[in-house]
Amino acid sequence: QWTVGMSSSIDALAGINAGDGVNFATVPESLKAGIINVSSTTNVKIGGMWIFKTDTVGCINSLLEDGSPPNVTVQPGNVSTSLGSNVTLSCQATGCGSRITWYKDNKGVSTGQYLVIPAVKPSSRGLYICRAVSTCGYASLGEASITIQGVHQYSAQIMLNTSMASDIAVKLSTFLEGRSVLNKTANIVFANVSYQSATVDVLITLAVNSSYTYAYDIVITDLYALLLVAFQNVQISAAALQIQRFDGCPPLLAAGTNSLEWPESEIGTVRTISLCIQRRCGGSYSSGAQWEPIVITCSSFTPSDVSRAVSSLESLLNDSLSKPEVANLLLQNVDKLLQIDRETIFESNVGARLLNILNFYSNNAIINQTTVFAGRTFAIQLEDVDVFNGVQCFSGKNFSVDLGSVDLALAGNKSFDKSSISSSSTENTTASVYVTSQCPNTLR
């Protein structure tokens with residue numbers, strides 16, 4: 001067995017090195033306590049034997065039996081630190097010599113084994129990815145996260161009665177920074193002010209005593225009152241003021257209810273209601289948090305579950321009109337609910353509400369290109385058609401779109417406004433629109 005020397009506490013490194021600083025390969029468990037068992041490990045089925053080769057392009061490659069990529073270890077994995085402290089992350093990659101790149105928010109931020117983050121600030125928080133790419137083509141990922149103890153950010157958007165000057169922005173920031181709030185248990189450490197004409201955005205960074213917790217509305221009320229005092233001090237007149245959490249998702253009410261459905265949540269947190277309905281607080285610490293669309297995770301519901309799920313879907317309607325990713329999730333979840341047994345749908349009294357969701361989306365969605373959704377219970381294809389051809393319009397013409405195969409048989413020859421749905425079978429379903437003599441500009 002291998003051991004460490006009497007004068008060293010560092011675990012042994014085993015492998016091969018080309019000496020050029022680029023091409024090298026190490027045995028798994030190198031520099032770890034497990035290297036002491038190297039005599040029983042192998043990549044050629046002979047205990048204690050490891051074989052490496054140099055290919056025609058100079059790559060030194062570990063002949064792992066399973067062809068696995070480099071093993072990546074990031075240390076420390078999760079860092080909870082204080083504002084202004086220094087953090088160093090290390091990415092250890094074994095196997096064929098690897099090129100290491102660090103990423104944050106899908107952008108490359110550094111290269112090399114170590115990532116040094118001096119004087120941690122609020123935007124330093126988040127998930128860091130270490131990507132190791134071997135010279136033989138293999139790639140592996142490792143990750144670490146950084147959080148700052150007691151730091152919370154809130155964004156305030158202010159509409160002014162008059163335009164704002166640059167010196168006023170400086171005065172506002174100076175007034176706010178260092179101020180105490182929440183009964184002197186929190187201080188404003190940063191107040192970043194940006195403005196354009198009569199619109200002002202203030203990003204407030206609070207350092208809160210970790211032994212205190214406050215309800216969301218109490219924090220908002222306290223900051224609101226402080227901003228009003230600040231406006232008087234710098235002599236600006238606000239027409240409207242809106243404040244919300246920036247580095248976390250604010251609490252949300254489900255549509256049509258007075259009860260809180262989605263509580264205030266940190267970025268990366270997944271909330272669950274009624275067991276089957278989930279929602280994640282997404283976004284980033286640099287661009288702000290935002291609630292992601294809800295996800296329905298099961299197919300067995302009680303009537304109350306279904307009603308709450310539909311309320312959550314209704315709250316997504318406005319976003320779905322302009323955001324394709326939200327629209328797709330909305331339609332997927334409607335499709336899941338329509339697959340529930342008819343008795344539950346009837347008892348929950350949501351049939352008309354689900355149809356209203358589909359009608360509202362179909363009639364109001366912003367269409368930049370042909371939009372198609374094909375589910376198990378329905379299919380939608382949206383397309384804006386210009387009915388003019390030069391000067392003469394297509395009056396009296398019929399336009400039809402093939403919706404493809406759907407599981408739900410559609411009743412034939414039933415009119416809805418100017419459109420009709422006809423089907424000879426569930427495999428040949430079309431939607432058609434008859435152009436009247438009024439010659440509308442576009443058809444949907």
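**Exercise 1.** In this predicted model, in which sense do strand 5 and strand 7 pair, and over how many bridges?

*Solution.* Start by finding strand 7, which covers residues 87-93. Strand 5 spans 72-75. Now look at how they run: the two pair in the antiparallel sense, and four bridges link them. For a spot to check by eye, pick Gln-75, which stands opposite Ser-90 in strand 7.

**Exercise 2.** What is the strand order of the open sheet of three strands, and which strands are its edges?

*Solution.* Read across the sheet and you get the order 5-7-11, with antiparallel pairing. Next, hunt for strands that pair on one side only: these are strand 5 (72-75) and strand 11 (114-117), so they count as the edge strands. Last, check the twist: on average, neighbouring strands here are turned by 15 degrees against each other, ignoring direction.

**Exercise 3.** How are helix 3 and helix 5 arranged: roughly parallel or roughly antiparallel?

*Solution.* Two numbers get you going, since packed helices are described by the angle and the distance between their axes. Helix 3 is residues 303-314 and helix 5 is residues 324-338; their axes come within 11 Å and cross at roughly 160 degrees. Angles over 145 degrees count as roughly antiparallel, and therefore helix 3 is roughly antiparallel to helix 5. The crossing is left-handed.

**Exercise 4.** Which residues make the contact between these two helices, and what classes are they?

*Solution.* From helix 3, list Ala-309, Val-310 and Leu-313; from helix 5, add Leu-330, Asn-333, Val-334 and Leu-337. Then sort them by class: six are nonpolar, one is polar and none are charged.

Note on methods: Residues numbered from 1 in each chain as written. Predicted model: local features only at pLDDT ≥ 70, side-chain atom pairs only at ≥ 80, totals over all residues. Heavy atoms only, no water. Axes fitted to C-alpha atoms, helices over the stretch in contact; angles between N-to-C directions. Parallel < 35°, antiparallel > 145°, perpendicular 65-115°, else oblique. Left-handed = near helix turned anticlockwise from the far one by under 90°. Contact = heavy atoms within 4.5 Å. Nonpolar A, V, L, I, M, F, W, Y, C, P; charged D, E, K, R; others polar.
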